Amino acid sequence: GMDQGLCIHLNCGTKDNPDLLGDLTQHSKMLLHGLALDDASLARARQAIGKRADFGRVFAEKVALSPLPFVPDLANLVIVEGYEALTPQRVKLEDIERVLAPGGVILVQQNGKWTRKVKARSEKMDEWTHPSHGADGNFFSSDRVLKAPFGLRWMDGIPLSFNMWATCRGIVVTEKYCFSLSTTELENLGSASITKKNNEHWLSCRDAYNGLPLWKIACETTNTGHALNRYNVAPLATDGERVYAGRKGDVIAVNAASGEIVHKLATKYAPVRVALAGGVLVSAGWESSESKGLWD
């Protein structure tokens, strides 16, 4: 049931099933990382990958597995082939669950039988459905899991400012996805310049836990970012199933999982604010505006 995100395959390239890692590339859009237990298994796994010539999306290597070389809550799918073979490596199921993202799946083969387990998402986690947390704009989260960010987990887009000022005008986060409205996408590289004001914003969807890009949509809007502040953020909101973003002449409702535009909601003026509450989407805009200062 998993089609996108990161897949980790433990004990790849076995004698009984040497092609499994290669086969996985044919049936999903996932990024695949295989970990082999010995040189012979590694050679078999890489040979299977080479047959399909799907380089860049699948990779196999042999590294120490105790502990697993991954940060917590990273993978969307973990496949453990022949769990009994991992015993000498001192790999524990607790460590496998550690690297699995909430909502992710573990498939374990033990003594020839497969079992499936889904990692539950903590009830102490919260979502961030608007750039200011909620439709009320109070910036208060009820999350009890979040800790001080002492490290960089992943980067949203190209680490370069195309606007001279703020490049990302809004971020919203659900239990699965992180959506952003930003100019830091590859499509803006060709004509990007910090002196230009016409770099397009893109609505981008990434996996909330590992940051892998899933889809993006050009929003046909430009903004230098010079007037970005806690109130002047992008017209962006989500309910988990859909994400809503302002474009030049409408607000689009996009399927969160697929990136398909479900509805185009025409507006008289370009959307500047949106709020979503109780199943009702409110959009606001104005005919013209005047900048009175740097931080308006």
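Two strands count as paired here if DSSP finds at least two bridges between them. In this predicted model, strand 2 (residues 31-35) and strand 3 clear that bar, with 4 bridges joining them, and they run parallel. One spot to look for along this pair is His33, which stands opposite Phe59 in strand 3. As background, strands of a sheet pair through backbone hydrogen bonds, either parallel or antiparallel.

Zooming out, the protein has 3 helices and 16 strands. Its C-alpha trace spans about 70 × 40 × 35 Å along the principal axes. Of its 296 residues, 43% count as buried. About 16000 Å² of the protein is exposed, and carbon and sulfur atoms supply 55% of that area. The contacts also say something about how the chain is put together: among those between residues at least 6 apart in sequence, 60% join residues at least 24 apart.

Back to the sheets. Strands 2 and 3 belong to an open sheet of 6 strands, in the order 3-2-1-4-5-6, and its pairing is mixed. The edges are taken by strand 3 (58-61) and strand 6 (113-118); each has a single partner strand, so one side of each goes without a neighbour in the sheet. On average, neighbouring strands in this sheet are turned by 15° against each other, ignoring direction.

A second open sheet has 4 strands, ordered 11-12-13-14, and here the pairing is antiparallel. Strand 11 (236-238) and strand 14 (261-266) sit at its edges with a single partner strand each, so each has one side left without a neighbour in the sheet. The average turn between neighbouring strands of this sheet is 15°, again with direction ignored. Inside the sheet, strand 12 (residues 242-246) pairs with strand 13 (residues 250-255) in the antiparallel sense, over 5 bridges. Tyr244 makes a handy landmark there, with Ala253 in strand 13 as its bridge partner.

Next come the charged side chains. Side chains of opposite charge can pair when their charged atoms come close. The model has 9 salt bridges, counting a side-chain nitrogen of Lys or Arg within 4 Å of a carboxyl oxygen of Asp or Glu. In one of them, the side chains of Glu97 and Lys117 meet with N and O 2.6 Å apart. This pair links distant parts of the chain, since Glu97 is in helix 3 (residues 93-99) and Lys117 is in strand 6, 20 residues apart. Glu97 counts as partly exposed, at 29% relative accessibility. Lys117 is also partly exposed, with a relative accessible area of 44%.

Another salt bridge joins Glu185 to Arg206, whose closest N and O atoms are 3.6 Å apart. Glu185 lies in the loop between strand 8 and strand 9, while Arg206 is in strand 9, so the pair ties together parts 21 residues apart in sequence. Are these two partners buried or exposed? The cut-off for buried is under 20% relative accessible area. Glu185, at 5%, is therefore buried, and Arg206, at 8%, is buried too.

The loop between strand 8 and strand 9 also supplies Glu187, which meets Lys216 of strand 10 (residues 213-222); the pair therefore ties together parts 29 residues apart in sequence. The N to O distance in this salt bridge is 2.9 Å. Lys216 is partly exposed, with a relative accessible area of 33%, and Glu187 is partly exposed as well, at 41%. Salt bridges that share partners connect Asp156, Glu185, Glu187, Arg206 and Lys216 into one network.

That loop has a nonpolar side to its story as well. Leu186 lies in the loop between strand 8 (177-182) and strand 9 (200-207). With 57% relative accessibility, Leu186 counts as exposed, because the cut-off for that label is over 50%. Together with Leu160 and Leu189, Leu186 makes a nonpolar surface patch of about 290 Å².

For a contrasting loop residue, try Thr174, in the loop between strand 7 (168-173) and strand 8. Thr174 has a relative accessible area of 5%, so it is buried. Which residues is Thr174 in contact with, leaving aside its neighbours within four places in sequence? They are Glu127, Phe179, Ala208, Thr238 and Gly240.

Terms used:
Residues are numbered from 1 along each chain as its sequence is written. This is a predicted model: local features need pLDDT of at least 70, side-chain atom pairs count only at pLDDT 80 or more; totals for chains, interfaces and linings use all residues. Side-chain values use heavy atoms; hydrogens and water are left out. Patches are made of residues with over 30% relative accessible area and no salt bridge: like charges are joined within 9 Å, nonpolar side chains (Val, Leu, Ile, Met, Phe, Trp, Tyr) within 5 Å. Accessible areas come from the Shrake-Rupley method with a 1.4 Å probe; for residues, only the protein chains shown count as cover. Helices (H or I, at least four residues) and strands (E, at least two) are DSSP runs, numbered from the N terminus. Buried means under 20% relative accessible area, exposed over 50%, partly exposed in between (1.4 Å probe, protein chains only). Axes are lines fitted to C-alpha atoms, for helices over the stretch in contact, and angles run from 0 to 180 degrees between N-to-C directions. Contact means heavy atoms within 4.5 Å.
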